[in-house]
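Please read the following walk-through with the sequence and the coordinates open. It begins at a single residue and widens out from there.

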Amino acid sequence: MHLEFPKTPKRLTPAEQKLLEYIEGNREEFLFMTIGQLAAKLEVSEATISRFARHLGCQDFKQLKSIVIEQNHLEGPAGKLAGTLFAGGDENTFETANYLRQQMLYLEKTVQHLDAQVFDRAVNEILSAKRIWIHAKSASASLGQLLYFRLRRLGLSVAKFPSGGTEMLEGLAQAKEGDLVIFFGFSKVSWEGRVILDYKKSAGYNTLCFTGRLHAPKEERADVNLYVYRGEMREYHSMTAAVALIDALVVSISQKMGANSAENLQKIHKMKKKYYW
């Protein structure tokens, strides 16, 4: 589908035609380019690019990019990342401060939808589980590793499933009644997540899901669902709020464990002093 611009000029110069054809055929690459990089790539002047943008009805190069972003639908990781890089700043500079402020908004939205009763239930499910199993794949793998590391340091019985395939099924087959299976299903529940939810009917374990959806279908909901806001559908999805929620969960768990959590951490500290330092 061709890009549509505010104005359709009757005639383009050869240089402008070259620009249009390049943008049409290399939309995501174009979104990552500065005006200088595009000029060098196509061997035209920056002034030519600015005139080209105005001929299409755009105020400047920045608005030209905005139109391409909007009509490209930000499909795929590259498009989403380009939209994030371009939002709020000029085409030459990634505004770190603006991005960090955006993360604060993500945290605030997560807080707004935080259900204290659901959070407390998550803490109690973890503390009462005979064994805690964690499944995390792709971008969520780092979250699963963080949660695994934190819970193990508190002395809880925790293990990780392989990310997929028959090895994941072999691991899931060990989950029993009284156990808790934790998984991540932010924008959708993966095939592995659906298997986890289905197999619980016969195995009898409980489930906890970190989700980015407030109104997931009933068949895709775990026993406990912790909501995390990571950005809109077409944005680059951040893990900031998810990491913060995991840390809040661990701190709350350690508080409820009382002296037991401190005892295990102290044991680890003594072992490090004896065998490592």
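Leaving out residues up to four places away in sequence, Thr211 touches Gly185, Phe186, Asn225, Leu226, Tyr227 and Val228. The model is a predicted one. Thr211 belongs to strand β4. Is Thr211 buried or exposed? Its relative accessible area is 5%, and because the cut-off for buried is under 20%, Thr211 counts as buried. Its side chain also reaches the backbone oxygen of Gly185, at 3.4 Å.

The strand around Thr211 is β4, residues 206-211, and five of its six residues are buried. Which strands pair with β4? One is β3, residues 180-185, which runs parallel to β4 and is joined to it by six bridges. In this pairing Phe183 stands opposite Cys209. Between β3 and β4 the chain passes through helix α11, residues 191-203, and the resulting β-α-β crossover is right-handed. The other is β5, residues 224-227, also parallel to β4 and joined to it by four bridges. Here Leu208 has Val224 as its bridge partner.

In a regular strand, side chains alternate between the two faces of the sheet. Next to Thr211 in the sequence is Phe210, and its contacts are listed here without neighbours within four places in sequence. Phe210 is in contact with Leu147, Ile182, Phe183, Phe184, Gly185, Phe186, Leu226, Val228, Leu245, Ile246 and Leu249. Phe210 is also part of the largest nonpolar core, which has 34 residues; Phe210 and Ile126 touch the most other members. Two or more residues of this core come from each of α8 (116-128), β1 (132-135), α9 (141-153), β3, β4, β5 and α12 (240-257). Helix α12 gives the largest share, eight residues.

Apart from this core lies another, of 24 residues, among them Leu3, Ala39, Leu42 and Phe61. Two of those named, Ala39 and Leu42, are in helix α3, residues 35-42, where the buried residues are Ile35, Leu38, Ala39 and Leu42. Why do these buried residues lie on the same side of α3? They do so because they cover an arc of only 100° around the axis. On the other side of α3, Ala40 and Lys41 are exposed. Just after the helix, Glu43 takes a positive phi of about 55°.

Conventions. Residues are numbered from 1 along each chain as its sequence is written. This is a predicted model: local features need pLDDT of at least 70, side-chain atom pairs count only at pLDDT 80 or more; totals for chains, interfaces and linings use all residues. Side-chain values use heavy atoms; hydrogens and water are left out. Buried means under 20% relative accessible area, exposed over 50%, partly exposed in between (1.4 Å probe, protein chains only). Two strands pair if DSSP finds at least two bridges between them. A crossover is right-handed if, with the strands pointing away from the viewer, the path from the first strand over the helix to the second runs clockwise. The arc is that of the directions from the helix axis to the C-beta atoms. A polar contact is a pair of N or O atoms within 3.5 Å; within protein, one must be able to donate a hydrogen and the other to accept it, and residues adjacent in sequence count only if both atoms are side-chain atoms. Contact means heavy atoms within 4.5 Å. A nonpolar core is a set of buried Ala, Val, Leu, Ile, Met, Phe, Trp, Tyr and Cys residues joined through side-chain atoms within 4.5 Å.
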